[in-house]
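Trainee: I would like to learn how to read a protein fold. Could you walk me through one, step by step?

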Amino acid sequence: MAENKDASTAENCNPSASFRMTVAGIKKKFPRVENVSTSTLSEWMNSCGVDEEQKAGASARDVGKNRKLVLFDVRPLEEYNVSHLPSAIRLDPDVQDMEHVKSVIQEQVEKDGISRSTSGEDNQPVTAVMYCSVGYRSSAMAGRVYKALCDQRNNTSADNSLTDLKVYNLEGSIFQWANENKPLVDSNDQPTQYVHPYSRLWGLLIDKNRWKWADSKQ
């Protein structure tokens with residue numbers, strides 16, 4: 001799979017240095033994709049909005065706070081079932097139909113329970129944050145969505161319902177999230193500390209005590 005492309009990085013460096021090098025390599029591979037840090041996403045998930053006085057001077061760190069927030073786990077079902085970020089919706093990493101992706105996003109923002117602005121406005125812009133194991137698959141997906149949105153904005157006859165969509169990749173993805181002891185849930189929405197390691201090699205980027213395979217593989 002795609003994340004094997006930089007496998008030598010994980011094998012030849014200590015985990016901390018390896019992680020930094022891997023993330024840097026992913027950013028270089030997908031220069032058009034914007035990244036959001038785990039700490040900023042955590043703030044977005046814990047905040048419904050910013051005060052009116054704050055909006056005018058809001059920094060990039062505050063971009064998602066007054067938006068509807070949708071999280072996408074861009075991994076196969078067996079990885080997602082081991083653990084995922086709370087409220088994350090699984091999106092198959094091989095999906096190429098961006099109209100389908102946009103329809104999924106639209107469905108999610110219309111459901112109750114998604115982060116909304118405290119202003120109560122119905123037309124709040126949407127922030128979609130995508131993640132996978134370390135960020136390669138989610139960056140690829142975010143890049144495809146970004147291109148589709150650019151094409152849509154340039155097409156005056158296209159459906160413009162999501163032209164205000166902002167798409168991010170979660171820097172370091174679920175591995176970094178887990179390494180920072182941030183909350184994860186399993187397929188039953190119960191808290192868990194475990195993460196699917198993707199492979200024995202990529203699993204070196206997280207504490208081995210967190211490893212959990214979807215089947216009997218050890």
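Mentor: Let us go from the whole chain to its sheet and then to its helices. Keep in mind that this is a predicted model.

Trainee: How many helices and strands are there in the protein chain?

Mentor: Counting the elements is a good start. Here the protein chain has eight helices and five strands. Then look at their order along the sequence, which is α-α-β-α-α-β-α-β-α-β-α-β-α.

Trainee: And what share of the residues of the protein chain is buried?

Mentor: A residue counts as buried when its relative accessible area is under 20%. In this case, 47% of the 218 residues are buried. The accessible surface of the chain is about 11000 Å², and carbon and sulfur atoms hold 45% of that surface. You can also ask how far apart in sequence the touching residues are. Of the contacts between residues at least 6 apart, 68% join residues at least 24 apart.

Trainee: Now the sheet. In what order do its strands lie?

Mentor: To read a sheet, list the strands as they sit side by side. This one is an open sheet of five strands, ordered 1-5-4-2-3, and the pairing is parallel. Strand 1 and strand 3 (89-90) are its edge strands, each pairing on one side only.

Trainee: How many bridges join each pair of neighbours?

Mentor: Let us walk across, beginning at strand 1. Three bridges link strand 1 to strand 5 in parallel, and asparagine 35 has asparagine 169 of strand 5 as its bridge partner. Strand 5 and strand 4, also parallel, share four bridges. There, threonine 127 is opposite lysine 166 of strand 5, and valine 129 is opposite tyrosine 168 of strand 5. Next, six bridges join strand 4 to strand 2, with valine 70 partnered by alanine 128 in strand 4. Finally, two bridges connect strand 2 to strand 3, where phenylalanine 72 faces isoleucine 89 of strand 3.

Trainee: Which residues of strand 2 point one way, and which the other way?

Mentor: For a strand, check both sides. Lys68, Val70 and Phe72 point one way, Leu69, Leu71 and Asp73 point the other way, and all are buried. That is six of six residues, and strand 2 is mostly covered. Strand 5 is largely enclosed by the rest of the structure, because four of its five residues are buried.

Trainee: What about helices that lie on the sheet?

Mentor: See which strands a helix touches and at what angle it runs. Helix 3 lies across strand 1, strand 2, strand 4 and strand 5, at about 130° to strand 2. Helix 6 (residues 98-109) packs on the sheet too, touching strand 2, strand 3 and strand 4, and its direction makes about 130° with that of strand 2.

Trainee: Which residues of helix 3 are buried?

Mentor: In helix 3 (residues 38-45), they are Thr38, Thr40, Leu41 and Trp44. Seen down the axis, these buried residues fall within an arc of 160°, so they line one face of the helix. Their cover includes strand 1, strand 2, strand 4, strand 5 and helix 8 (173-179).

Trainee: And how many residues does helix 7 have?

Mentor: Helix 7 (residues 136-153) has 18 residues, and it reaches 26 Å from its first C-alpha to its last, close to the 26 Å expected at 1.5 Å a residue. Its buried residues include Tyr136, Arg137, Met141, Val145 and Leu149.

Technical notes:
Residues are numbered from 1 along each chain as its sequence is written. This is a predicted model: local features need pLDDT of at least 70, side-chain atom pairs count only at pLDDT 80 or more; totals for chains, interfaces and linings use all residues. Side-chain values use heavy atoms; hydrogens and water are left out. Buried means under 20% relative accessible area, exposed over 50%, partly exposed in between (1.4 Å probe, protein chains only). The arc is that of the directions from the helix axis to the C-beta atoms. Contact means heavy atoms within 4.5 Å. The expected span of a helix is 1.5 Å times one less than its number of residues. Accessible areas come from the Shrake-Rupley method with a 1.4 Å probe; for residues, only the protein chains shown count as cover. Two strands pair if DSSP finds at least two bridges between them. Axes are lines fitted to C-alpha atoms, for helices over the stretch in contact, and angles run from 0 to 180 degrees between N-to-C directions.
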